[in-house]
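Please study the sequence together with the three-dimensional model before reading further. The explanation below is meant to be followed with the structure in view.

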Amino acid sequence: MQLKRVVVTGLGALTPIGNNIEEYWNALINGVSGAAPVTYYDAAKFKTRFACELKNFKVTDFIDRKEARRMDRFTQYAMVASDEAIADANLDLDNINKLRVGVIWGAGIGGLETFQNEVLNFAAGDGTPRFNPFFIPKMIADIAPGNISIKNGFMGPNYTTVSACASSANAMIDALNYLRLGYCDVIVTGGSEAAVTIAGMGGFNAMHALSTRNESPETASRPFDAERDGFVLGEGAGAIVLETYEHAKARGAKIYAEVIGGGLSSDAHHMTAPHPEGIGVIEVMKNCLENAGITPEDVDHINTHGTSTPLGDVAELKAISKVFGDHAKNININSTKSMTGHLLGAAGAIESIASILAMKHGIVPPTINHSTVDENINPELNLTLNKAQKREINVAMSNTFGFGGHNACVAFRKLED
């Protein structure tokens with residue numbers, strides 16, 4: 001069976017450094033940090049009192065107030081980003097065959113704020129079970145793609161992938177395979193997360209995962225720096241319209257890039273810590289290269305998982321050196337989490353968008369906040385430190401890993417007719 005080619009025809013982003021694709025890209029290449037003191041709740045007693053929240057975002061500018069109240073923030077974010085991507089793809093919703101349009105979405109946690117608030121309200125009461133009738137449908141992780149499909153009438157495959165921080169990358173790979181096999185013509189994919197909450201911050205603090213650089217939030221996310229001390233929690237959404245090449249060409253769609261492969265693996269090592277030698281990461285990149293039908297020497301750019309944790313950054317760069325050998329020093333490596341923070345289940349989507357735009361514009365966004373060399377990191381690697389670098393990119397890869405040892409890697413290429 002001949003697999004179909006798959007291309008990217010629409011992009012949408014709602015991030016801590018930009019509320020649409022244009023704002024997001026401009027902030028990326030200018031090295032803007034999205035970290036600032038928490039405003040959603042009183043964080044005075046928390047070990048970490050900052051996060052990468054959305055800025056100047058008002059949901060009622062996009063969604064009717066009544067409808068918005070029926071959605072957790074992670075679903076609101078999904079709706080806004082997917083609307084942008086669908087409009088960007090210029091899909092003719094009146095004439096497209098909606099039976100062959102799917103929505104495959106990623107969320108690592110889902111409606112955490114809804115769950116938190118309902119439980120707190122119950123605990124503050126007299127034991128009478130008074131819950132909002134929208135409690136469950138607001139909370140469940142699969143409600144985001146459900147709402148996207150309901151709004152647009154898309155009747156193809158519709159579900160959520162949950163693999164912690166690899167969730168949206170998993171969603172994209174599933175979408176890629178459905179399209180390759182001819183089960184759909186178009187799939188809206190990506191991910192969203194809204195875990196900047198009392199429970200989210202408290203939980204990650206309890207496991208010592210977050211940076212506690214409260215005196216300087218804007219410099220706290222510092223991948224590859226010797227003084228990194230944990231990740232910075234972020235929120236938002238990234239949406240990508242994937243389409244078979246033949247369908248996109250037939251309707252005259254603009255095409256950003258071709259999706260040429262995806263790899264998956266498991267560390268099978270620890271609930272939260274990466275394998276110190278990055279064995280699962282080695283396998284996921286090898287799997288992606290094989291699936292894409294390319295060699296290590298074909299790769300120009302890698303957007304790493306690069307969360308700014310002491311163990312994770314070193315393990316990932318060791319794996320890159322192992323897989324790419326001497327060619328590793330020729331690759332522009334970066335971590336856009338230095339600017340956006342870690343969007344958990346949405347990370348794979350917004351970082352894939354960053355890779356796609358880097359390829360389109362010939363500019364690799366920087367890894368900001370680097371000031372101290374880590375002697376455990378190969379000094380020959382080009383980590384695109386502190387300043388964007390111009391670079392022709394024909395093939396880009398994006399790595400995303402999650403608690404539980406989940407690894408995903410997606411590869412993109414400039415379109416070749």
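The following paragraphs treat the pockets, the salt bridges, a surface patch and some single residues in turn. The structure is a predicted model.

We begin with the pockets. The largest pocket holds about 490 Å³ of space. Its lining consists of 31 residues, and those that lie nearest the centre are T272, A273, P274, T309 and F403. Two elements, helix α11 (310–324) and strand β13 (395–402), give two or more residues to this lining. Of the elements, α11 gives the most to the lining of the largest pocket, namely six residues. Sorted by class, the lining of the largest pocket comprises 13 nonpolar, 14 polar and four charged residues.

Just before α11 in the sequence, one residue deserves a separate look. S308 is located in the loop between β9 (301–303) and α11. The phi angle of S308 is near 85°, which is a positive value in a residue other than glycine. Is S308 buried or exposed? S308 counts as buried because its relative accessibility is 0%, and the limit for a buried residue is under 20%. A positive phi is also found at T384, where the angle is about 50° although T384 is not a glycine. T384 belongs to the loop between β11 (363–364) and β12 (389–390). With a relative accessibility of 0%, T384 counts as buried.

The second largest pocket comes next, with a volume of about 170 Å³. Among the residues that line this pocket are M71, D72, R73, Q76, E113 and T114. Three helices, α3, α4 (112–123) and α5 (135–139), each supply at least two residues of the lining. Which of the elements provides the largest share of the lining of the second largest pocket? That share, four residues, comes from α4. In the lining of the second largest pocket there are two nonpolar, four polar and five charged residues.

Helix α4 also contains L112. L112 counts as buried because its relative accessibility is 16%, where buried means under 20%. The C-alpha atoms of L112 and F74 are separated by 8.6 Å, while the two residues are 38 residues apart along the chain.

R73, one of the residues lining the second largest pocket, leads to the next topic, the salt bridges. The count for the model comes to 17 salt bridges. In one of them, R73 is paired with E235, and the closest N and O atoms are 2.5 Å apart. This pair links distant parts of the chain, since R73 is in helix α3 (residues 73–89) and E235 is in the loop between α8 (198–206) and β7 (236–244), 162 residues apart. Both partners, E235 and R73, are buried.

Another salt bridge joins R100 and D185, with a distance of 3.0 Å between the closest N and O atoms. Here too distant parts of the chain are linked: R100 is in the loop between α3 and β4 (101–106), and D185 is in the loop between α7 and β6, 85 residues apart. How exposed are the two partners, R100 and D185? R100 is partly exposed because its relative accessible area is 25%, a value in between the limits of 20% and 50%. D185, by contrast, counts as buried because its relative accessibility is 16%.

A further salt bridge connects R130 with D126, whose closest N and O atoms are 3.7 Å apart. Both R130 and D126 are exposed. In addition, R5, E258 and R413 are joined into one network by salt bridges that share partners.

The surface provides the last topic. M1, L3, L181 and Y183 make a nonpolar surface patch of about 470 Å². Y183 lies in the loop between α7 (167–180) and β6 (186–193), and D185 of the salt bridge with R100 is in the loop between α7 and β6 as well. Y183 counts as exposed because its relative accessibility is 52%, and exposed means over 50%. The loop between α7 and β6 therefore holds Y183, which is exposed at 52% relative accessibility, and D185, which is buried at 16% relative accessibility.

Key:
Residues numbered from 1 in each chain as written. Predicted model: local features only at pLDDT ≥ 70, side-chain atom pairs only at ≥ 80, totals over all residues. Heavy atoms only, no water. Patch = residues over 30% accessible without salt bridge, like charges linked within 9 Å, V, L, I, M, F, W, Y side chains within 5 Å. Areas by Shrake-Rupley, 256 points an atom, 1.4 Å probe, with all protein chains shown as cover. Salt bridge = Lys/Arg side-chain N within 4 Å of Asp/Glu carboxyl O. Buried < 20%, exposed > 50% of the residue type's maximum accessible area, 1.4 Å probe, protein only. 1 Å grid on protein atoms, 1.4 Å probe; cavity = no way out; pocket = protein on both sides within 12 Å on 5 of 7 lines; lining within 4 Å. Points joined across faces, edges and corners; volume = space filled by probe spheres on them. Nonpolar A, V, L, I, M, F, W, Y, C, P; charged D, E, K, R; others polar.
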